[in-house]
Structures are given as structure tokens and as C-alpha cells.
Amino acid sequence: SKTIYLKDYQAPDYLIDETHLTFELFEDHTQVHAQLVMRRNPALSAELPALVLDGQQLELLELKLDDRELGAGDYQLTDSTLTVQPTQASFVIDSTVRIHPESNTALEGLYKSSGMFCTQCEAEGFRKITYYLDRPDVMSSFTTTLSGDKQKYPILLSNGNPVASGEEGDGRHWATWEDPFKKPAYLFALVAGDLWCVEDTFTTISARNVTLRIYVEPENIDKVQHAMDSLKKSMKWDEEVYGREYDLDIFMIVAVNDFNMGAMENKGLNIFNSSAVLARAETATDAAHQRVEAIVAHEYFHNWSGNRVTCRDWFQLSLKEGFTVFRDAAFSADMNSATVKRMQDVAYLRTHQFAEDAGPMAHPVRPDAYMEISNFYTLTIYEKGSEVLRMIHTLLGAEAFRKGSDLYFERHDGQAVTCDDFVKAMEDASGIDLTQFKRWYTQAGTPRLAVSDSYDAAAKTYTLTFTQSCPETPGQSESSKLPFVIPVELGLLDAQGNDLPLRLQDEAAAGSNRVLSVTEAQQSFTFVDVAEKPLPSLLRGFSAPVKLSFAYDRDQLMFLMQHDSDGFNRWEAGQQLSVQVLQELIGQHQRGEALVLDARLVSALRTLLQDDTLDQAMVAEMLSLPGEAYLTEISDVADVDAIHGAREFARQQLADALFEPLWQRYQANREVSRNTPYVAEAEHFARRALQNIALSYLMLGDKPEVLAAALDQFENSDNMTERLTALAVLVNSPFEAERSKALEAFAEQFKDNALVMDQWFSVQAASTLPGGLARVQALMEHPAFTLKNPNKVRALIGAFAGQNLVNFHAIDGSGYRFLADQVIVLNALNPQIASRLLAPLTRWRKYGAERQELMKAELERILASGELSPDVYEVVSKSLA
Ligand code: B3K
Ligand code: ZN
């Protein structure tokens, strides 16, 4: 495999002004005709270099240049290119190819899913459909005609507006779609199938009526309303918050069952994994409802941040992804609880993106090299990219940020641009220089920010000293990294827990919450007129994606938990307290000592549980101890068994000590749930979240009244949130008879609902009871399981390797061997899924010597297993390097 470098970027030799496509869809092949109206790139010299079109797995049937049929001597073919010599600056290429969507298991290009045809082109799937300049800086208008069997494929869709349709007489029909907005090929889409739709309309801010349609398989038509509501909210929000109006007359979403990721923002025709569209109380959890809302918003927001203004090359991927995640996070915060959304996002970032940043695939938000671009749809591009935008927002303020985004959209509408262009628009609109800030785009790794303080009682000054550094990442030594701009939002608490006014030396005004810009390797800030030694509340709202350290003792953390005016930092103090307590238990476990839980954690959580004025979602989040994956990430050498043992011990102790208040809160909330119809809104999510975390603690106590409550919740709930938690606690309990009965009943009730069966697989795959691997292997034989469906692979194998750490990391290496076996099979079937599944093995450096050897041996076995896809090859070879 060869590496592609950002420094080698060159503008395209030729442009495509118009693309006219015809698809004839058949059961055993599809024929694609493409007419490309092209010209020499006017920005380059008048010479006419050879035209090199991308194309893979295509059978070329016919090729014409300006109506002249080309013979074998007139062009050159390789397995990824077609080369022709143009003779004039403007010309038309006509090609006809045969492709095989019916046997496409990689789910990239044109493929079939549950009997329907659909496409996935980003990043480089279009070259598996026809010969083309498959790069995002070549933007063209598209006209697409599709024809197929009328009975099997009554619905024929593509991008843009429908312009004509008709019958062919032989049981076939056709439709033509026209997309007037110039777009790169990665935004092309086509769908043909037997689908039903829910239709609605949205009136835009300038009073245009837009038809909204969500297409699904007929049996799912009752699970679409939540996505439709989310779509309308998104359209309105983007008008209000970003001034962005929708442009076409119709906006469509299609749900497909076999999809490599969540969804895809194809112009006017978003294609979604059905798991990211379908939601109703009986079959989808609260988390699933929120995920649908967020993904619908994300893909819709791409219409501006991605489609109208797109990326010049794939190194700029975060230009659209980081920005769009930032936008969807703000939307979700506005629709639900902003603090809860932030806590969840930060926990996710610190657990998973920080681990990526510390592993062999670490890369900057704007990478400068890749082998396979599909491997770079990462937490760093998406989540860290969003954090980078959030910091720009913090540094500029909301108003200047909005001016900057308006300028960006206005300046670059219809263009393919770079991250630098985005930052430039922000600078021009705000007058703020972001030169140093841009290091966030080019330097990989998670910065460390150590903070110390000193108080001068005589002078009444308080000084905070910040020291930043960033660890080595592949290709970037620690010493080569220059200081970042780190916005630190903070407050200082007095002994009563009130925010003190904050005034720096030489400043006139004083506020109580402010942002300091740390820009140097070491830097001090001195506050004046500080009457008493304060307790700092640092990095409020997690204002920068760094690892902050300050020597808080546990009493100080408990104080912050109760008094910090920043809700996020109250949670954060609780997390840090839990981490300290758990790390102490991990040490005791490793030294073979008796485990003793610090009683302060019990009393802090008791206080929270007994305070019914607090936001219940917040209490639920505070009760959830940091996960094993996060404890792994923050360990130098992760001791899987000690981490699991310590955390389970703490949970058990908390369950025993807090039985009364947990049982009270559980019963009160369950009572409300029982008498309230399901509503997918924040306050109801909060009630169920607290009810469910309480139940999971209570079940650790082996009490018959709790078992009865769990069984009742399992049998008599009208919603999946309560039912699935009840199933999960039974699956993890020692009550064997109840467990198998519940699993059987659940499977019987939901056997026809693939998405619910995914949950059933996951709950079992994640159970940390002994014998995990054998259970997973048995479930692979279940009739509802197939390696060909990515959702199933993620639900069973992904959940086992990612969430069942004690079983996956079994010291006999059986979990590693199993995962490697699956990766080898999937490498041939679906390289993108194979490569993602691999991630846990790439983290081998985190573990002790014995596990390191076992994990490395499996990576080497994959490397030697035969012909590897570029996807798998890149990840395995970089992990072993
Ligand atoms: N842009 C797509 C991701 C495509 C991934 C291709 N391997 C979904 C999204 O981020 O909205
Ligand atoms: Zn996206």
C-alpha cells in the first residue's frame, strides 16, 4: 500500500462541468453509462496532459471521446485508472461499464441491502460505480436516470429534484433526477427499492415550502415520526442559530439495514443506517432516541457545512466533520440538557479519543499522510475536531463566531476549501489572530496541563501557574511540539463556595467566571484583591481537550461537588474523586491487600441521592463510576483484573451502603414511569436514567424484593429503556433461571425486529460474568446473526471486545485469537468493518508484558494471513511499527 501526502496536493488537471448518468439495474448486474462534459482546468497551463480517471472493479464495455469510439490502443487501463489523451481543451467522455452490486459485500459504491439498491460513495466509493475524477475538489452538476423492475423497485431516487419518469413496457420503469448544485462525486446517491414513506413539509424562513420524505421498509413505517420531528427541529435551528436555509424543493432520508456507519449526507438524499432513523418507545431506548435526533441533525447540517462548502482534499476532512459535530452538539444541548450533553461528550472523548491520541494511529486533526482514507474517519477528526471549533467559539465569543461562520459560508459557497480557509474567515470576522491556535490542527496527541497555585496572604494575591506539554505521537517527538493556545475557563471559590470576583493585575473590571488563554510552555496569572485563599475551579465546561492536573485532595473535591457554580465541574469533581478512590482500590488489589472503600465517596453520593432538588440526570451521571475503559486509558500499565475487581468492589460497597436511598429513588421513579406515557424529552430521560442506574446498583444486593422489581420492570414496561435495563441487570445477575427465561422471552417477542435483536446480542456480549467468549461464540450461530451486517458485527463482536474487558483480555489470549479470526474473515468481506474491529488489538502497549505478547502475536498473524485490504494493512502495520 502506498502513502498519500498532503504536501503532494495538486489542483485537478481537468474539471467536470456536467455529469449525466444512466443506471440500468438488473438482478445479476448493473450497467452504468456516464457522460462527462469536461474541460482543461483554466487555472493551469494550456497544455493538455493525459486524463487519468479513477475506476475500480469496473468492466469497461464502451468508451468514447467526443462521439469517437475509442479502441484498445486509444486508452490505458490499470486496476484503478483509465487514461485517455484529450486533444482539445473542452471535450465529452462517454463510458459504459458493467458492475455487480448484487455481490458487493464491502458496502461501498453501489450495493444491495435487504433487496434494495443503495449507494455509499464517501470517501472513494464513486470510482466503483463509474470512471470519474473521484476527488472532492472536482464539483459537477448531476443528472441521473435509473431504470429497474417496477414491481421490485417501485421507488427510484437520486439527488436533487425529480424531473421526469416513465414506463419501459417490459415491466420496467425509469426516473430522472437533476441536481443543480455542483457537488463532488462523494455526495452522489441512488436508491431503488420497495419503500414506503412518511411525508411532511417545512416552510423555510423565506417562505419556501420544502417536501420532507423519510423512506423505510413497509414494516417500519410506524417508527419514523421521531426522525421526522428531529428533521424539522434541525431545519429551524440551523436557520435561527447559523442563518442557514435549505436550498432544494425536496429533502429525503432513506433507511437501509446494511450500512458501514451511522448515515451519509448525500445532497438532498441522505442515506441512513436504519439504527439511526427508526425509533419508537416500544423498540428504541432513550439513548437511541437521542442518537437519532443527533444524527438526523448532523447529516442535515452537512448541507451547508460539507455540501455547499466542501473539502478540497481528504486531509481537510475535519473541516466538515469537526464543524458539523460541533453544530450537532450545540443543537442537542439546546433540545435537551446542555450540561448532561457536555458530560456525556467529555466522558466519551476522554475515554476513546484520548486513547486514540495515545495509540499507534494517533494523527492530527488535519492529518498530513494516510494510506487508506477510510481509516481516518476517526474520533480525532470528528470529536477532537469539534473540540477545536468549540475552543475557537470560546476564544472569539458567540457573536464573533457567528460573523465568522457567515463570512465562511458567503466567501466559499460552491467551493472546495481547506481548514486554513475556515480559520481565515474566523480571523477576518473577529480581528483575532489564530496563527498559534492553528497548532491544534497540525500537532497530534493530548496536551497535558499541570496547574499549581500559591496564595500571598499579605499582598492578597493568588497566582496560578500553568505548565503545558504534549507527549510523543507517531512522527512527532515531544520536543518538536510547540505550545498550544489553551483556553482555560475558571472560577475561584471562597470558603462558603461562592465565586470570588476575578481581577488580574493591571485590569480594571472583575467578573466571576473567565477564560484565560494559556499560550506558553509555562505561564503564571496573578489575581489581585483576593481576600482569602480560594479553591480554584479549573477548565469549566471542559474548555479545552487536555489532561489537566491539579493536586486536589478528596475533601476539596467533595466541596467542589457541592458548591461549584459550574454544573459540569460539579460532575467533574465527582469523577476525579471516584478516580482517586478507584485508583487506591486498584493499588490495594495489585498488592493483594484487603480492599477498603473511602467512606467519603459513599457520603458524597448519599448527599446527592437524598437531595431531590437536583437534576435527576445529573445525579444519575454522578452515580455512574468512571468506566473500565477510562480507567484503562489513564493507567500507565492497565491491569485489567485489578481495574475490574476494584470497580466491582466499589459498586458492591455503594450498593450495600446506599441501599435505602437507592431503593427509595428507584421506587418513586418507577411509579411515575408506570403511570406516564413515554415521552422522548429531557425530563423523562432524566427520570428513567436515575431509575435505571439505581436498579443496576440494587441488583448487586441479591434481595428478593429487588429481583421482583426487576422482573416487573422487564415484563410490564411500555418502553425499551426500562425493559432493556431490566434485561441487562438480569443477564448480569446470579439468578440463572430468571436470566434465561428473560432472554428467551425477549428474543421471542422481538425476533422480527433486527435492531432490537442487536440490543439482545449486545447485552449478552457485554456481560462480564465468566465464560464470555463461549457465549459470544454460541451467539454467532444464532439465526439472527450474520457477519455480513455491520450492525450485527458491532452488536456482538464489537461489544465483546470494547465493553467486556475482563473477558476479552482473558490471560489465555482466547479473546484476542477470536477477534483476529473475525478480522481475517471480515477483511475479505468488508474491509472497513474489519479495520474498525481491530482497534482494541492496536492498544497492546497499554498492557503488561504477557498480554502485549499475545496481542502482538495476533496482529502478526493477521499480517501473515494472506492478501490484506489497504484498510486492515494500514492499521496492523502501523500498530506493529
Ligand atoms: N460523512 C459520512 C461519513 C462517511 C464515512 C465513509 N467511510 C457521515 C457523516 O459524518 O456524516
Ligand atoms: Zn459528518
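User: What makes a residue count as buried or exposed here?

Analyst: The test counts other C-beta atoms around a residue's own C-beta atom in this predicted model. A residue with 12 or fewer such atoms within 10 Å is exposed, and one between the two limits is partly exposed. The count needed for a buried residue is 20 or more.

User: Is Leu 107 buried or exposed?

Analyst: Leu 107 sits in the loop between β9 (90-99) and β10 (109-113). Although not a glycine, Leu 107 has a positive phi of about 60 degrees. Because 24 C-beta neighbours lie inside 10 Å, Leu 107 counts as buried.

User: Is Asp 702 buried or exposed?

Analyst: Asp 702 belongs to the loop between α16 (682-698) and α17 (704-715). Its phi is positive, near 55 degrees, in a residue other than glycine. Asp 702 has 11 C-beta neighbours inside 10 Å, so this residue counts as exposed.

User: Which residues does the cis peptide bond join?

Analyst: The second residue of the pair is found in the loop between β11 (116-120) and β12 (140-149). Both residues of the pair also appear in the shell around ligand 1. With omega at about 0 degrees, the cis bond joins Glu 122 and Ala 123.

User: Which elements each supply at least two residues of the shell around ligand 1?

Analyst: The residues surrounding ligand 1 include Ala 263 and Met 264, as well as His 298 and Glu 299. Ranges 263-264 and 286-301 take in these two pairs. The elements are β20 and α2.

User: How many charged residues does the shell around ligand 1 have?

Analyst: Glu 122, Glu 265, Glu 299 and Glu 321 are among the residues around ligand 1, and Glu counts as charged. The shell also has 5 nonpolar and 3 polar residues. The number of charged residues is 4.

User: What is the radius of gyration of the protein chain?

Analyst: The C-alpha trace spans about 85 × 70 × 60 Å along its principal axes. For 881 residues, a compact globule would have a radius of gyration near 29 Å, and the chain's value agrees with this. That value is 28 Å.

User: What share of contacts in the protein chain, between residues at least 6 apart in sequence, join residues at least 24 apart?

Analyst: The chain has 28 helices and 31 strands. Buried residues make up 49% of its 881 residues. Of the contacts in question, the share is 70%.

User: What is the helix content of the span that UniProt annotates as "Peptidase M1 alanyl aminopeptidase C-terminal"?

Analyst: The unreviewed UniProt entry places this domain at residues 555-881. Its end C-alpha atoms lie 45 Å apart, and strand accounts for 0% of the span. Helix content is 73%.

User: How far apart are the end C-alpha atoms of the span annotated as "Peptidase M1 membrane alanine aminopeptidase"?

Analyst: That annotation, from the unreviewed UniProt entry, covers residues 227-440. The span is 55% helix and 9% strand. Its end C-alpha atoms are 35 Å apart.

User: How many residues does the contact between domain 1 and domain 3 take from domain 3?

Analyst: The chain is divided into domain 1 (14-194), domain 2 (448-563) and domain 3 (751-881). The centres of domain 1 and domain 3 are separated by 36 Å. Domain 1 gives 4 residues to the contact, divided into 2 nonpolar, 1 polar and 1 charged. From domain 3, the number is 5.

Conventions. Residues numbered from 1 in each chain as written. Chains lettered and ligands numbered in written order. Predicted model: local features only at pLDDT ≥ 70, side-chain atom pairs only at ≥ 80, totals over all residues. UniProt positions renumbered as here; feature names shortened; annotations may be inferred. Helix = DSSP H or I, 4+ residues; strand = E, 2+ residues; numbered from the N terminus. Rg over C-alpha atoms; globule rule 2.2 N^0.38 Å. Contact = placed C-beta atoms within 7 Å. Near = placed C-beta within 6 Å. Domains from an automatic or database assignment.
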